[in-house]
Amino acid sequence: MNAIMETAASDCHPASVPDYTPIPELRELQLRRLQAVVTLAWKQVKLFRDRMDERGLTPEDIRSLEDIARLPFTQKSDLRDTYPFGLFASPMKDVVRLHASSGTTGKPIVVAYTQKDVDVWTSVLVRCFAGCGLHRGDIMQIAYGYGLFTGGLGAHYGAEGLGATVVPTSGGHADRQIMLMRDFGVTAMCCTPTYFLHLIDRAAELGVDLKELPLRAGVFGAEPWTESMRKHIEKMSSIEAFDIYGLSEIIGPGVGCECRRHQGLHIFEDHFYPEIVDPETGAPLPDGAEGELVLTTLSKQAMPMIRYRTRDITTILRGQCACGRTLRRIARIGRRSDDMLIIRGVNVFPSQVESALLQIEGTLPHYQILLTRLQGLDQMEVQVEVIGALQELHQKLQGALDRVLGIRVRVALVEANSIERSEGKAKRVIDRRTS
Ligand SMILES: [Zn+2]
């Protein structure tokens, strides 16, 4: 108990206390909140009530946490089909904020917050940052995009709630980001991991040594990234890199975050109930099994999400974290079920390519996958930026990719800085296949 209290105290923020709720108490709270949110959605959201009716269910049928598996799933297409406000459970006069994420086709998906939802969002981000060892006195640069995207404003409110000094730069303008980082003595950076890679490269070109700045932590999210990428970032900048997880449909960033043990991401389970299901059949899987993460918002008012299919592939880790938090953890998300490429009948994930490349000295973590079709046959080319002797590197890369992917791909070595840099999420795959 003393050790736990010590850890809680070292987080330096009273908002971290719920992270240590005894498990039976946490499960009881989750059940109470689940029953309340199901009742709210059943009363206010037609799509949800219709689906409950089809199954002959009413909110009274939810008597235990296991009963969650009886509830219908919600999918991204449900948000599109009910565009813009069809899933709202609060009247517009109680909605204080709207965010939207750009869809790949046409209309965006829209999400809503009451004041209480914004407060919950802030509180979970405070808990994320506290878990990363950040506190009042830190100077945090928020380089996630501000605007309809949830990243910028979400992290901003969280950093302010923590009591840190916020530098709201939003995305883009790398030279200015680096200047402010240096001149303001920024201690923590929040952005996508690929954008931070870009800043590392650009700082070197400008003659700024990130290792000599007060910068000590990076909270990176909004796209899948690998453990090899973390090692690379930490080596090049001498910071501690944290993985943060979230999605607009649930609340935005702050659904989960790593603590300083870096053994998976704690999910803020008092607000977001995690399940893992078989991505094909939707059947629930036990803790420890890999599958698709499904999340239910336990306290959201404006737009409750019941059993939302995230498409993110992970596992719920067994056992408790050494940090003392009772919140369950998920493994780092390296891939999404809809990222999967099918090349000549073989399943390929961009994260596999990234891991293979980063294991080889002399390659940079900048790559792109180009897909084409030649006489009806899929062709995959991996373009990799390299430094140093080329011939030997080419063979090593070819070997590493062949081993990991199980299919023959073409490797093209390209000059450093020749692959377009992203200001937000990296574009890894260019698909020029036409059927
Ligand atoms: Zn932990």
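The questions and answers below set computed values of this predicted model against the definitions behind the terms. Local features need pLDDT of at least 70 and side-chain atom pairs count only at pLDDT 80 or more, while totals for chains, interfaces and linings use all residues. Residues are numbered from 1 along each chain as its sequence is written, and side-chain values use heavy atoms, with hydrogens and water left out.

Q: What makes the arrangement around the zinc ion tetrahedral?
A: Donors are N, O and S atoms within 2.8 Å of the metal (3.2 Å for Na, K and Ca), and water is not among the atoms, so sites may look incomplete. The protein donors here are C259 (SG), H266 (NE2), C321 (SG) and C323 (SG), lying 2.1 to 2.3 Å from the zinc ion. Four donors count as tetrahedral if all angles lie between 85 and 135 degrees; the four donor atoms subtend angles of 102 to 116 degrees, and therefore the arrangement is tetrahedral. For comparison, the ideal angle for four tetrahedral donors is 109.5 degrees.

Q: Why is E249 called buried, and why is K76 called partly exposed?
A: Buried means under 20% relative accessible area, exposed over 50%, and partly exposed in between (1.4 Å probe, protein chains only). E249 has a relative accessible area of 7% and is therefore buried, whereas K76, at 33% relative accessibility, counts as partly exposed.

Q: How do you know that the side chains of E249 and K76 meet in a salt bridge?
A: A salt bridge is a side-chain nitrogen of Lys or Arg within 4 Å of a carboxyl oxygen of Asp or Glu, and the side chains of E249 and K76 meet at 3.7 Å, N to O. E249 lies in the loop between strand 7 (240–247) and strand 8 (252–258) and K76 in helix 4, so the pair ties together parts that are 173 residues apart in sequence. Helices (H or I, at least four residues) and strands (E, at least two) are DSSP runs, numbered from the N terminus.

Q: Why is strand 12 described as largely enclosed by the rest of the structure?
A: Seven of the eight residues of strand 12 (residues 290–297) are buried, so the strand is largely enclosed.

Q: What makes strand 12 a pairing partner of strand 10 and of strand 13?
A: Two strands pair if DSSP finds at least two bridges between them. Strand 10 (residues 272–277) and strand 12 pair in the antiparallel sense over six bridges, and strand 12 and strand 13 (residues 308–317) do so over five bridges.

Methods:
Four donors count as tetrahedral if all angles lie between 85 and 135 degrees; four count as square planar and six as octahedral if opposite donors are over 155 degrees apart and all others between 65 and 115; anything else is irregular.
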